[in-house]
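Here is a short report on one protein chain. Look at the structure first, then read the notes by topic.

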Amino acid sequence: MRTRRVTWLILGWLLLGLFPLVLAQTPKGYALGDAVADFRLKNVDGRTITLADYRAQKGIIVVFTSNHCPFSKAYEDRLIALDRQYAPQGFPVLAIMPNDPAIYEDDSFENMKIRAREKGYTYPYGLDETQVAKAFGATRTPQVYVLKQTKGQFVLEYVGTIDDSPQDSGSVRRRYVEEAVSRLLAGQPVPSPITKPIGCAIK
């Protein structure tokens, strides 16, 4: 009986010791309904982009993506389609590359410019030099945050994946970002405001 009590005490101490580590490793960032703070990015065309630049829009589709990630590459055409569909309605796409180029050479600023030109991106593609991804709590590429402008602030309304088929665009059944933006444009709540992003870890 005493041995069992000692065992439980040891387990308790271990759990108490690990709990702060678990908390420290939990990605923090914006929660649904939070207002997003302004940020600055270096776009592939050399301009500086800020969130305030979009104040004339109804909202914005922020996607953290990268050159090297196969999941990001699989979604490029779908992101272009999203921008073409919703930018005229006031919800343009803004792509952000959050990785350290020293880790992935494909993600260098020069390669970002080449990729944007070759694929014909219809949206800005900014380099995250100020840890915007960390402020959002992004952990994957691609990972999407749909923001709605409310009283001069950009409020988080959706976070997660683009759709339910990360590799095959022909097998998509749920288009989560389209659902979110369409509902917001109609003044309705987002049906699935949080989904699990599937992609490459941000480094």
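## Q89 and its surroundings

A polar atom of the Q89 side chain sits 3.0 Å from the backbone oxygen of Q85. This is a predicted model. Q89 belongs to the loop between α2 and β4 (93–97). Its relative accessible area is 35%, so Q89 counts as partly exposed.

Which residues does Q89 contact, leaving aside neighbours within four places in sequence? They are K58 and L185. K58 is 31 residues from Q89 along the chain, yet the two C-alpha atoms are separated by 8.0 Å.

## Confidence

The chain has a mean pLDDT of 89. In 87% of its residues the value is 70 or more. Residues 1–26 fall below 50. That stretch has zero contacts in the model beyond near neighbours in sequence.

## Nonpolar cores

In soluble globular proteins, nonpolar side chains tend to be buried together. Here the largest nonpolar core holds 29 residues. Y125, V146 and V177 touch the most other members. Helices and strands both feed this core: β3 (59–64), α2, β4, α3 (109–119), β5 (125–127), β7 (143–150) and α5 (176–185) each supply at least two residues. Another core, of 20 residues, lies apart from it. Its members include V36, L41, V132 and A133.

Y125 has a long contact list, not counting residues up to four places away in sequence. Among its partners are the nonpolar residues V44, A95, I96, M97, M112 and A116. Y125 also touches K42, N43, T65, S66 and N67.

## Salt bridges

The model has six salt bridges. One of them joins E76 and R115, at 2.6 Å from N to O. E76 lies in helix α2 and R115 in helix α3, so this pair ties together parts that are 39 residues apart in sequence. Is E76 buried or exposed? E76 has a relative accessible area of 4%, which means it is buried. R115 is partly exposed, at 21%.

D77 and K119 also meet through their side chains, at 3.1 Å from N to O. D77 is in helix α2 and K119 in helix α3, 42 residues apart. K119 is partly exposed, with 30% relative accessibility. D45 and R47 form another salt bridge, with the closest N and O atoms 2.7 Å apart. Both ends are partly exposed: D45 at 45%, R47 at 46%.

## A buried acid without a partner

D83 lies in helix α2, which covers residues 70–86. D83 is buried but has no salt bridge. How far away is the nearest side chain of opposite charge? That side chain is R84, at 6.7 Å. A salt bridge requires the charged atoms to be within 4 Å, so R84 does not qualify.

What does D83 touch, not counting residues up to four places away in sequence? Its contacts are P88, P92, V93, T122 and Y123.

## T50 in strand β2

T50 is part of strand β2, residues 48–50. Its relative accessible area is 10%, under the 20% limit, so T50 is buried. Not counting residues up to four places away in sequence, T50 touches D38, F39 and R40.

Conventions:
Residues numbered from 1 in each chain as written. Predicted model: local features only at pLDDT ≥ 70, side-chain atom pairs only at ≥ 80, totals over all residues. Heavy atoms only, no water. Helix = DSSP H or I, 4+ residues; strand = E, 2+ residues; numbered from the N terminus. Buried < 20%, exposed > 50% of the residue type's maximum accessible area, 1.4 Å probe, protein only. Lys, Arg positive; Asp, Glu negative; His and termini not counted. Contact = heavy atoms within 4.5 Å. pLDDT = per-residue confidence, 0-100. Polar contact = N/O pair within 3.5 Å; in protein donor to acceptor, adjacent residues only side chain to side chain. Core = buried A, V, L, I, M, F, W, Y, C linked by side-chain atoms within 4.5 Å.
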